[in-house]
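Here is a short report on a two-chain model. It covers the symmetry, one helix pair and the largest pocket.

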Number of protein chains: 2
Amino acid sequence: MSERKRPVGRRPGDPDVTREAILTAARTAFGGVGFDRATIRAIAADAGVDPALVLHHFGSKQGLFAAAHSLPFDVAALRKTIVQTPIAERGELLARTYLTVFGAEGSPMLSLLRAAATHDEAARMLREFIGAAVLSHADEIAPGPESQLRLATAASHLIGTVIGRVLLGVAPLANATIDELVDLIGPTIQRYLDDPSAR
Amino acid sequence: MSERKRPVGRRPGDPDVTREAILTAARTAFGGVGFDRATIRAIAADAGVDPALVLHHFGSKQGLFAAAHSLPFDVAALRKTIVQTPIAERGELLARTYLTVFGAEGSPMLSLLRAAATHDEAARMLREFIGAAVLSHADEIAPGPESQLRLATAASHLIGTVIGRVLLGVAPLANATIDELVDLIGPTIQRYLDDPSAR
């Protein structure tokens, strides 16, 4: 799937191919070593282009970071899937999706978390992303009173679990399978999503 | 309480007073801006000593970091309190203690998390600390099968909540009181601590 391999039908010098190759390399680098230690030079080398071309396309490392994380996946489609799933099944769906998508090595969320830990700008980026992509839809995803607080708490649990599992490598979490974690955590997420006034 | 104020009965040049003043300043600096951006110079200035004296006592910024976080609080005493509390009350106790102690500005745990996000050495330090201080006592704290996985999951939830509340500043979490969060999260932590084979 890597566009660095220049698939049939695309010209080697195609700007879109080059741009995607740089973004793919950037996500891998930021997710792997964080914002500070990722270098334009190494990202360019991984993408097979000149560092000057990276700056031409994205202006700066920060610009590259923003571009690499602006839409790491189709947020709207994921939200649609969640809303179309019966509420009683959303806890497991959210836990499985989050742990699978964001817990993978090179995940944009890991990259963002690493950056947010030391850069106010990245923290703001992630906070705004969570607000716009997730919390502003809390009424749909977790109907009932305090929907934003319940959804934010569920999200914070999943973020913490990915941090413990991938970033810190805490043994019991790192050694568990996704299925084991979903069995354990899914019911908790479900509890946060369920309307507390309907209990 | 600050030892920088040189309490009565201590000589101004007392090495213990100086050492504690440096450690206090270091914890504030690491917790505030992270490992990378904290400087020996600024920490020395905050402690009212010469930077050379900081290096004399701790060797390097990394040595200072290790010393500042080796025992940020009395782990043994906290563990004793938890074990002496009836299991059915431990969920609330853990949630309240964690959110209060580690969620405060300048908390060593925030400092460690910031550092761990970008430095493998700090991630290792935190992982080893969690292993030794928490998980190795899982049988006492959360008796039953899979005690380490259940306790690690509970801890990861609390870490994630502090990250969302303090580090990212996600509004619903940042605006909630500790009591509101304990009401919401305490029962989840309790569920993880309860022996699943006794359900």
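## Symmetry

Copies are superposed by least squares on the C-alpha atoms of residues with pLDDT of at least 70 in both. Chain A falls on chain B after a rotation of 180 degrees with 0.1 Å of shift along the axis, at an RMSD of 0.1 Å. That is how a two-fold axis relates two copies. In chain A, A:Gly160 comes closest to the rotation axis, its C-alpha at 1.8 Å.

This is a predicted model: local features need pLDDT of at least 70, side-chain atom pairs count only at pLDDT 80 or more, and totals for chains, interfaces and linings use all residues. Residues are numbered from 1 along each chain as its sequence is written, chains are lettered from A and ligands numbered from 1 in the order written, and side-chain values use heavy atoms, without hydrogens and water.

## A helix pair in chain B

Helix 1 (residues 15–37) and helix 4 (residues 61–69) of chain B pack at about 110 degrees, with axes 9 Å apart. That makes the two helices of chain B roughly perpendicular (65 to 115 degrees). Helices are DSSP runs (H or I, at least four residues). Axes are lines fitted to C-alpha atoms over the stretch in contact, and angles run from 0 to 180 degrees between N-to-C directions.

Contact means heavy atoms within 4.5 Å. Helix 1 of chain B brings residues including B:Phe30 and B:Phe35 to this contact, and helix 4 of chain B brings B:Leu64 and B:Phe65, among others.

## The largest pocket

The largest pocket holds about 170 Å³ of space. A pocket is an open set of points on a 1 Å grid over the protein atoms alone, where a 1.4 Å probe fits, with protein on both sides within 12 Å along at least five of seven lines; lining residues have an atom within 4 Å of a point. Volume is the space filled by probe spheres set on the points, which are joined across faces, edges and corners. Among the 16 lining residues, A:Gly32, A:Arg114, A:Leu167, B:Asp120 and B:Ala123 are the closest to the centre. Helix 8 of chain B gives the most to the lining, with four residues.

Conventions:
Angles under 35 degrees count as roughly parallel, over 145 as roughly antiparallel, 65 to 115 as roughly perpendicular and the rest as oblique.
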